[in-house]
Amino acid sequence: MVALKSYYVGLRDSAFQFPRPSGADNYKRRNTKWRSPRAAIIPNFHLPMRSFEVKNRTSAEEIKVLRLITAIKTPYLPDGRFDLEAYDALVNMQIEQGAEGVIVGGTTGEGQLMSWDEHIMLIGHTVNCFGGSIKVIGNTGSNSTREAIHATEQGFAVGMHAALHINPYYGKTSLEGLVSHFESVLPMGPTIVYNVPSRTGQDIPPHVIHTVAQSPNLAGIKECVGHDRVEQYTKNGVVVWSGNDDQCHDSRWGHGATGVISVTSNLVPGLMRELMFGGKNPSLNAKLLPLIEWLFHEPNPIGINTALAQLGVVRPVFRLPYVPLPLTKRVEFVKLVKEIGRENFVGEKNVQVLNDDDFILIDRY
């Protein structure tokens, strides 16, 4: 800023002689000084998208009370681009059936297969179209702190309500490194920390969470380790969302979890809302467990991609390395839909068994 102010002073004090028109002896502006526009010089100027600026009006407290958050699926066109028409329909179905938030570009939404440009565009699109009706939580985490910072700045700049941050995966780091990583992104806005050791190869121990919980921006943790860990947090005032659909009912009603960040709610948002809002309901939980088991027979999002295609709400397009479930599992899904009731699932078309040739696998897009 010192250099900027010096430059302004130099312009202010410099006299620029304008050319004198031919024959105009009485040209009165001969000694006029040019002045730079004042609006271009802002005292105490801060660059945009810095970590310590408030980027939206959502507080962590508004995120803490959400009970049903859907990790929304990202559908594709046959050339591999986003199918925004199908995506908008999916989000609308979530809103209509009571979901309170969506995770954009998470594991289920295949953020790991997106460029950052695609990622931020989809977050911004979701905010612009649905931000007034549902909380938009952008998955802007990374195993690189630099990338996580940059993506989170951009996510909040386009209006997301909160960020989802995973711990650095593959390369991993020390416990002190975990704390430093999260402390680098927490000042930007409301944040959910995501602990899923089966994917990252490293557990986030309670010591790390209790340390970073000193930040008012920590909304809570999406926890996939189990009921004991959930209860360990909730007894100490840390908000927890179950990251395991098969455990979310018991975590919610028996171990103090606030709710669930769900894959299954892509398919049956109304039933998942009932599971999170309606009190203990072991019969409904038991009814949904076969579907949940089917969804996670192969690593997520393979099951949800196959299911939504068979329901006719997304095109049967997969970005590799994901491929559809085999025919026997596709037949099994049709039976599950009939047992649970087609009216409980998203979309209006009849569920069908797709053939192998119906699917499009995209390797370059």
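**Strand β4 and its neighbours**

**View 1. Both faces of strand β4 are covered.** Ala162, Leu164 and Ile166 lie on one side, Ala163 and His165 on the other, and all are buried (under 20% relative accessible area, with exposed over 50% and partly exposed in between; 1.4 Å probe, protein chains only). The strand spans residues 162-166, and 5 of its 5 residues are buried. Helices (H or I, at least four residues) and strands (E, at least two) are DSSP runs, numbered from the N terminus. This is a predicted model: local features need pLDDT of at least 70, side-chain atom pairs count only at pLDDT 80 or more, and totals for chains, interfaces and linings use all residues. Residues are numbered from 1 along each chain as its sequence is written, and side-chain values use heavy atoms, leaving out hydrogens and water.

**View 2. Strand β3 runs parallel to β4.** β3 covers residues 135-139, and 3 bridges join the two (strands pair if DSSP finds at least two bridges between them). Gly138 has Ala163 of β4 as its bridge partner. From β3, the chain passes through helix α5 (residues 145-157) to β4 in a right-handed β-α-β crossover. Right-handed means that, with the strands pointing away from the viewer, the path from the first strand over the helix to the second runs clockwise.

**View 3. Strand β5 also runs parallel to β4.** Here 4 bridges join β4 to β5 (residues 191-195). Leu164 has Ile192 of β5 as its bridge partner. With helix α6 (residues 175-185), β4 and β5 make a right-handed β-α-β unit.
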